[in-house]
Amino acid sequence: MVDAWWFWLLVAVGVFWAVGAYQRLVKMRTLVTKQFGVLEELMLRYQGLVQDATTAAVTSPSGWHTAVAPELGASHWTRLQVAANLSAMALARMQEHPLEPSSAIALVATSRDLQDAWGALTHPDVYYVSVPDELTQRWAELSISIQPDVQRFNQAVDTYNQAIAMFPANLLARVFKYKPGRRLE
C-alpha cells in the first residue's frame, strides 16, 4: 500500500511539473509573438513611407519622371515599390509564424532589400529623383527607433530557445514539436 502511495505521489508531481513546464513554454512563445506584434507595427510604417514618397513623387513635377533621365527615375521607384511589397508579404508570413526560421530569414532579406532600395533612391548621385526631405528624415528616424524593438524581439527568441534546450523542458518541446526560433539580424 505504501509503494502505491509513493507511485501516485510521483505521478502527481510529474503531471504538475509537466503542466507547469508546458505553460512556461507557451508563455515564452506568446511573448515572442507579442514582441513581434510591436515590431510589426513599426515595420509597417516603412510601407507608409514608401506610399507617401510615391504619392509625393507622382504629384510633384520633378519627382517621378524628369527630363534628364525618366527611365532611370522610374527604375528606382519600381525597385522601391517591389521591395516594399515583398517586405509586406514577408511581414505577413512572419506574423503567422514568428518562430519559423524561414520566415525570419525572408523578413531580414526583404527588409535589407527595402533599405537598399530606399538608399539607392535617396543617394546623392541620383540627382534626377527628388524625395522630400521630410520623408527622408522620417525614414532615418524610424530606422533608429526600430532598433530597440528588434533587440527585444531577439531577446525573447533567445530566451525561448534557451528554455526549449534545457532538460527536462526539452522533452516537452520535442513532444509538442517546438522548434528553435531565429533572431532578426
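**Largest pocket and salt bridges**

The largest pocket encloses about 340 Å³ of space. Of the 18 residues that line this pocket, Met43, Ser111, Ile146, Gln147 and Val150 are the closest to its centre. Two or more lining residues come from each of the elements α1, α3 (101-122) and α5 (147-165). Helix α3 gives the most to the lining, with 6 residues. Sorted by class, the lining of the largest pocket consists of 9 nonpolar, 7 polar and 2 charged residues. The model described here is predicted, and the values reported for the pocket and for the side chains are computed from it.

Salt bridges were examined next. The structure holds 7 of them. In one of these, the side chains of Arg138 and Asp52 meet at 3.1 Å, taken from N to O. This pair links distant parts of the chain, as Arg138 belongs to helix α4 (residues 133-145) and Asp52 to helix α1 (residues 2-59), with the two partners 86 residues apart. Arg138 has a relative accessibility of 32% and therefore counts as partly exposed. Asp52, at 33% relative accessibility, also counts as partly exposed. For both residues the class follows because partly exposed covers the range between the cut-offs of 20% and 50%.

Arg138 takes part in another salt bridge, with the side chain of Glu134, at 3.5 Å from N to O. Glu134 and Arg138 are 4 residues apart in helix α4, so about one helical turn separates them. Glu134 has a relative accessible area of 53% and is therefore exposed, since the exposed class begins over 50%.

A further salt bridge is formed by the side chains of Glu185 and Arg183, with an N to O distance of 3.7 Å. Glu185 counts as exposed, at 60% relative accessibility, whereas Arg183, at 26%, counts as partly exposed. Salt bridges that share partners join Asp52, Glu134 and Arg138 into one network. Within this network, Arg138 meets Asp52 in one salt bridge and Glu134 in another. The contact with Asp52 reaches from helix α4 to helix α1, while the contact with Glu134 lies inside helix α4. Helix α1 thus appears in both parts of this description, as it holds Asp52 and is among the elements that give two or more residues to the lining of the largest pocket.

Conventions
Residues numbered from 1 in each chain as written. Predicted model: local features only at pLDDT ≥ 70, side-chain atom pairs only at ≥ 80, totals over all residues. Heavy atoms only, no water. Salt bridge = Lys/Arg side-chain N within 4 Å of Asp/Glu carboxyl O. Buried < 20%, exposed > 50% of the residue type's maximum accessible area, 1.4 Å probe, protein only. 1 Å grid on protein atoms, 1.4 Å probe; cavity = no way out; pocket = protein on both sides within 12 Å on 5 of 7 lines; lining within 4 Å. Points joined across faces, edges and corners; volume = space filled by probe spheres on them. Nonpolar A, V, L, I, M, F, W, Y, C, P; charged D, E, K, R; others polar.
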